[in-house]
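Subject: A structure for you to explore

Hi there,

Here is the structure I promised you. Have a look at it first, and then read on for what I found.

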Amino acid sequence: MKKLIYGILVAVCFSLSGLSAHADEITLIPADMHTACDGCVGPFDGVFDTLTGEPAVGVALWTTYDPPFGMPFEERGAVEFNISGLKNSDVTSANLMLNIVLFSGYMLPNQPIIQIYGYVGDGTIGLDDMYASNLLYTSPLLSTLGPLPPIDVTPFIRSMVAEGHPFAGFLVRDIAPQSGVLFNFKDDVPKLPVIATAIPEPSSLALLVIGLAALSWKLSSKLVRTLGARPPR
Ligand SMILES: [Ca+2]
């Protein structure tokens, strides 16, 4: 009997040790990155016509509406991360790190205004991803400030994990006319550092409940027998 109780106690302690939560820090890198253009090979009409920019090179995103910079066009960039590893995790921190700086190749007159949108991805950037509407971030970009600071996207990633989406996407836009930024994913790929704590599997919880139930039943049985064994007064 003692051995049985001891064994159950060991099992319960083992279950509890598995439940002791600790936060893990991981840095996700992109599953896919691309840019797309409206007006490069088709009319500038708000419909994105073609994917541009190879993942291996830094690309310029810009918006021009007037000459002397030639025909007007707009580029947007997108990056998607595989977040399936965060399933069954409590995400406490997620920061999007993008290497975006002022594009200095031409004398574009206006200061860029960066917007970041979140969307449900599928692991591959497509033209459909250029219309994401869930605005997460807006900020002017000044050349003297260097690249964008890390952007806190914790609520967005938490909701994506809660909804069970395997891929989270971010769309990058420069909404200022006649301006440009360099979205560099060659030398410094986008990153998504995440701090998350694993939530115990239901099987672990079930094992704990069974262990506790068995222990209490055995103890109560022993108590009954002990009381029952007392000589009557
Ligand atoms: Ca078009």
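Let's start in the middle of a sheet. Strand S8 (residues 113-120) and strand S11 (residues 167-174) run antiparallel, joined by 7 bridges. If you want to see one pair up close, go to tyrosine 117, whose bridge partner in S11 is leucine 171. S8 has another partner too: strand S9 (residues 134-140), paired with S8 in the antiparallel sense over 6 bridges. On that side, glycine 118 stands opposite asparagine 134 of S9. As you trace these strands, keep in mind that side chains in a regular strand alternate between the two faces of the sheet.

Before going further, please remember that this is a predicted model. The mean pLDDT of the protein is 80, and 66% of its residues reach 70 or more. Confidence is highest in H2, at a mean of 98, and lowest in helix H1 (residues 2-19), at 52.

Now zoom out. The protein has 13 strands and 3 helices. Of its 233 residues, 32% are buried. Chain-distant parts meet often: among contacts between residues at least 6 apart in sequence, 81% join residues at least 24 apart.

Which residues touch the most other members of the largest nonpolar core? They are Ile100, Ile157, Phe170, Leu171 and Val172, in a core of 42 residues. Several elements each supply at least two residues of this core, including S8, S11 and helix H2 (154-162). Leucine 171 therefore has two roles to look at: it is one of those core residues, and it is also the bridge partner of tyrosine 117.

Finally, two loop residues are worth a click. Most residues other than glycine have a negative phi. Asparagine 88, however, has a positive phi, near 65 degrees. You will find asparagine 88 in the loop between strand S5 (73-82) and strand S6 (89-96). Is asparagine 88 buried or exposed? Asparagine 88 counts as exposed, because it has 12 C-beta neighbours inside 10 Å.

Glutamine 178 also has a positive phi, near 50 degrees. This residue lies in the loop between S11 and strand S12 (179-183). With 16 other C-beta atoms within 10 Å, glutamine 178 is partly exposed.

Enjoy exploring, and write back with any questions!

Best wishes

Notes. Residues are numbered from 1 along each chain as its sequence is written. Two strands pair if DSSP finds at least two bridges between them. Helices (H or I, at least four residues) and strands (E, at least two) are DSSP runs, numbered from the N terminus. A residue is buried if 20 or more other C-beta atoms lie within 10 Å of its own, exposed if 12 or fewer, and partly exposed in between; C-beta atoms are placed from the backbone. Two residues are in contact if their C-beta atoms, placed from the backbone, lie within 7 Å. A nonpolar core is a set of buried Ala, Val, Leu, Ile, Met, Phe, Trp, Tyr and Cys residues joined through C-beta atoms within 7 Å. pLDDT is the predictor's confidence in each residue, from 0 to 100.
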